[in-house]
Amino acid sequence: MMTENYEYSLEETEQAVVCTLLVKPQHLPEVAGWLQAHMFSSPRTAFIFEALMAQYERGETPDFLTTETEMRRIHAQRCKEMGGLSCLSEILPRVRTAANLSRYAEEVKRHYLLRQIRATATQAAGKAALEETDPLQLIGELEKQLLNIRGSGQHGAPLRNLADHIQEALDQHTDRINRKQSDYSVCTGFKDLDYITGGWQPGELYILAGRPADGKTAISLQIASNAAIAGKKVGVFSLEMSGQQLVNRLLATHTHLAQNCLRISALQKEDLDTIRQQIGFWKEKSFFLDYTPGNSVENIRAQVLMMKKQVGCDLVIIDYLHMMEGNPRRGETVDQVVGRNVKALKQLALEAGCSLLLLSQMNRQSENRAEKKHLPQLNDLRDSGVIEQVADGVLFVYRPDRHGITQDEHGNSLQGICQLILSKFRHGPTGTVNLTHNPSFTKFTN
């Protein structure tokens, strides 16, 4: 954070951007694509930013040493003349957090746009002073230049003709004809669920909700491992369980080792060989775990986009929504903070071109209903109606035997049965999927 009540110049603001990215390179995705080197007024700072972005575009994580090396690679003489990164020595001690990165970057872009407007206006004024200038032609040129400036100031993509969208859809469908479903969508490994949804598509956000101990985390980990085994690139972000706890659950699911034995280390020597085999197996898969208590949407977004750049990303799982950090803005309620986070995660799924599974708690309303089954409903989602509105699909974990329901309406046993209730599906029908639960190995099967 720069010193409070200090009036800093545009050059210092530009330096603050590159200093922040050098100290916190995981935030590079926040400015990549909309802030560019030519927007900096200082050639030296623009050069540093160019070197940072060159590394980011190659999927590398820059630091001070690699950035100076990149600057020498781009233009050794220029790097030598400016003394490398020494020009940042005065501002660097005042930049201690990435919290103001967006503010600095927006200020850099604002001044760039103002310079462009001034240059355009000056040029137009010069032409307007000439006797032979056609005023209507000059107005047309000025309008075109101002539209270009407006376009460079927007983050989003320009409007596209419907025919272009149809051509893109045709190309996708043509590509899919000779490919398997699993090539272009994420299959959960639960065949009935995959049949209903047709697999999860890029850009889709799914909610998996349930009461405590219903098995949300175990089901999400099984979906993650099923997808990774099928060749998908998977990232799991846990805000509640440590990495070791998650690993023990995965080992219990994929080996004969009981969850309780792994938790208390009651293993035999031969069991260690089983674990060693798992190391070799998973080393060949793209399955990544992150445990950061109270993680924020901004940090998860930066990690996902970096993962996308480096190895690709097909599926992201976040466990869970209500543990996520969300600094309330003035006057915001908890519902509004949760809703803002959900909207940001939906945008992340679209931006990264991946499927995103977000775990959520349910409120106690379902437990207090008069009806015996206590079947979950969409309004049981805790804290925000925005969850239901934004999600492409909402799944509830329901354990009938926990509510004393041991048989279905046809007399079939429901002991050890877990139901996934697809209560909302934006792209097709809803339905219920039955899974068998093995509590010893925290495993769910078709």
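The largest cavity in this predicted model holds about 50 Å³ of space. Its lining is made up of 10 residues, and R211, D214, M362, Y398 and H403 are the ones nearest its centre. By residue class, the lining splits into four nonpolar, three polar and three charged residues. Counting cavities of 30 Å³ or more, the structure has three.

The salt bridges number nine. Three of them, each linking distant parts of the chain, are set out below.

| Salt bridge | Closest N to O distance | Citation |
|---|---|---|
| E11 and R44 | 3.4 Å | |
| K127 and E141 | 3.1 Å | |
| R301 and E351 | 2.7 Å | |

In the bridge between E11 and R44, E11 belongs to helix α1 (residues 10-23) and R44 to helix α2 (residues 43-57), with the partners 33 residues apart. E11 is partly exposed, with a relative accessible area of 34%, and R44 is partly exposed at 35%.

For the bridge between K127 and E141, K127 sits in helix α4 (residues 101-128) and E141 in helix α5 (residues 135-152), 14 residues apart. K127 has a relative accessible area of 31% and counts as partly exposed; E141, at 29%, is also partly exposed.

The bridge between R301 and E351 connects helix α13 (residues 297-310), which contains R301, to helix α14 (residues 334-352), which contains E351, across 50 residues. E351 is partly exposed, with a relative accessible area of 39%.

Elsewhere, K346, D392 and R426 are joined into one network by salt bridges that share partners.

Definitions and conventions. Residues numbered from 1 in each chain as written. Predicted model: local features only at pLDDT ≥ 70, side-chain atom pairs only at ≥ 80, totals over all residues. Heavy atoms only, no water. 1 Å grid on protein atoms, 1.4 Å probe; cavity = no way out; pocket = protein on both sides within 12 Å on 5 of 7 lines; lining within 4 Å. Points joined across faces, edges and corners; volume = space filled by probe spheres on them. Nonpolar A, V, L, I, M, F, W, Y, C, P; charged D, E, K, R; others polar. Salt bridge = Lys/Arg side-chain N within 4 Å of Asp/Glu carboxyl O. Helix = DSSP H or I, 4+ residues; strand = E, 2+ residues; numbered from the N terminus. Buried < 20%, exposed > 50% of the residue type's maximum accessible area, 1.4 Å probe, protein only.
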